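Biologist: Please take a close look at one part of this model for me, the largest pocket. I would like to know what lines the pocket and how the elements around it are packed.

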Amino acid sequence: MADGYRPTRVWDPPTRVFHWGIVILICTSWLSQHEDWMTVHFFAGYTLLAALVFRLAWGFVGSDTARFARFLKGPVAVVRHVARLPRREPDSEIGHNPAGGWVILIMLILLLVQVGTGLCANDEVSVQGPLADAVGSSASDWLTHIHAVNFRLIEAAVVLHLAAVLGYRVLKGHRLTTAMITGRKRLPGSPIPPRMASSLLAAAIFVAAAGFVWLGVEWFGN
């Protein structure tokens with residue numbers, strides 16, 4: 001390219017659909033709980049669980065930039081990256097940067113805790129998760145409390161994520177949101193594009209994950 005930047009595909013469609021799907025599901029979960037739409041709340045939770053099972057699998061067999069081994073860096077790399085945050089420089093990261101990779105892992109863990117505790121939670125009246133009876137009343141009450149507290153942590157993580165995206169835009173001029181929409185970044189030099197896994201494979205994994213969740217809910221819910 002004349003300006004030294006080359007549009008490079010860095011995010012595959014499954015990873016982008018997962019990202020924006022999580023945004024929709026978190027918002028739906030909050031709104032349905034706030035408005036007491038528990039049928040919608042449970043459906044959002046089951047869909048979120050299927051999406052998380054998919055993402056865990058995709059983190060091992062998916063595209064290069066989706067794999068945990070690719071974006072989880074050591075502490076030295078994270079510290080070096082954070083130290084360079086105030087510097088306005090071109091975005092040269094193919095995929096998540098060293099700090100962002102760990103933020104993604106933390107968010108996945110928080111979401112897994114949220115759906116896991118939700119399966120065992122109850123509202124002390126008439127609504128309970130499919131595993132509430134299996135864990136017992138006392139454990140269900142405790143997990144219900146964790147379910148509520150953990151969502152506060154998720155909200156804090158979302159705010160931190162949004163602040164980081166804004167910070168990268170203002171301080172460094174990096175358009176992270178645009179890349180997650182289009183799947184492409186304008187990178188300096190001639191970077192080697194990451195290997196992209198098949199979207200058909202992703203669809204098969206998600207269908208299997210959804211089937212696993214459905215069978216589990218049917219088994220424990222009856």
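Modeller: The largest pocket in this predicted model holds about 1300 Å³ of space. Its lining is made up of 49 residues, and those closest to the centre are His-19, His-96, Ile-104, His-161 and Val-165. Five elements give two or more residues to this lining: helix H1 (13-34), helix H4 (75-83), helix H5 (98-120), helix H7 (137-172) and helix H8 (176-182). H7 gives the largest share, with 12 residues. Sorted by class, the lining of the largest pocket has 29 nonpolar, 11 polar and nine charged residues.

Two of the helices that line the largest pocket, H1 and H7, also pack against each other, at an angle of about 135° and with their axes 12 Å apart. Angles that are neither under 35 degrees, nor over 145, nor from 65 to 115 count as oblique, so H1 is oblique to H7. The crossing of H1 past H7 is left-handed. On the H1 side the contact uses His-19, Ile-26 and Trp-30, and on the H7 side Phe-151, Ile-154, Glu-155 and His-161. By class, the contact of H1 with H7 has four nonpolar residues, two polar and one charged. His-19 and His-161 belong to this contact, and both are also listed among the residues closest to the centre of the largest pocket.

H5 is another of the helices in the lining of the largest pocket, and H5 also packs on H7. Their axes come within 8 Å and cross at roughly 150°. An angle over 145 degrees counts as roughly antiparallel, which is why H5 is described as roughly antiparallel to H7. Here too the crossing is left-handed. From H5 the contact takes Met-107, Leu-110, Leu-111, Val-113, Gln-114, Thr-117, Gly-118 and Cys-120. From H7 it takes Ser-140, Leu-143, Ile-146, His-147, Asn-150, Phe-151, Leu-153, Ile-154, Ala-157 and Val-158. The residues of the contact of H5 with H7 comprise 12 nonpolar, six polar and no charged. Phe-151 and Ile-154 of H7 take part in this contact with H5 and also in the contact with H1.

H1, H5 and H7 also serve a second space. The second largest pocket has a volume of about 690 Å³. Thirty residues line it, and Gln-33, Met-38, His-41, Gln-114 and His-147 lie nearest its centre. H1, helix H2 (38-61), H5 and H7 each supply at least two residues of this lining, and the largest share, seven residues, again comes from H7. The lining of the second largest pocket divides into 14 nonpolar, 12 polar and four charged residues. Gln-114 and His-147, named here near the centre, are also in the contact of H5 with H7.

H2, which helps line the second largest pocket, packs on H5 as well. The axes of H2 and H5 come within 10 Å and cross at roughly 140°, which makes H2 oblique to H5. This crossing is left-handed. In H2 the residues that meet H5 are Gly-45, Tyr-46, Leu-48, Leu-49, Leu-52, Arg-55 and Leu-56, and their partners in H5 are Leu-108, Leu-111, Leu-112, Val-115 and Leu-119. By class, the contact of H2 with H5 has 10 nonpolar residues, one polar and one charged. Leu-111 of H5 meets H2 and is also part of the contact with H7.

Note on methods:
Residues numbered from 1 in each chain as written. Predicted model: local features only at pLDDT ≥ 70, side-chain atom pairs only at ≥ 80, totals over all residues. Heavy atoms only, no water. 1 Å grid on protein atoms, 1.4 Å probe; cavity = no way out; pocket = protein on both sides within 12 Å on 5 of 7 lines; lining within 4 Å. Points joined across faces, edges and corners; volume = space filled by probe spheres on them. Helix = DSSP H or I, 4+ residues; strand = E, 2+ residues; numbered from the N terminus. Nonpolar A, V, L, I, M, F, W, Y, C, P; charged D, E, K, R; others polar. Axes fitted to C-alpha atoms, helices over the stretch in contact; angles between N-to-C directions. Left-handed = near helix turned anticlockwise from the far one by under 90°. Contact = heavy atoms within 4.5 Å.
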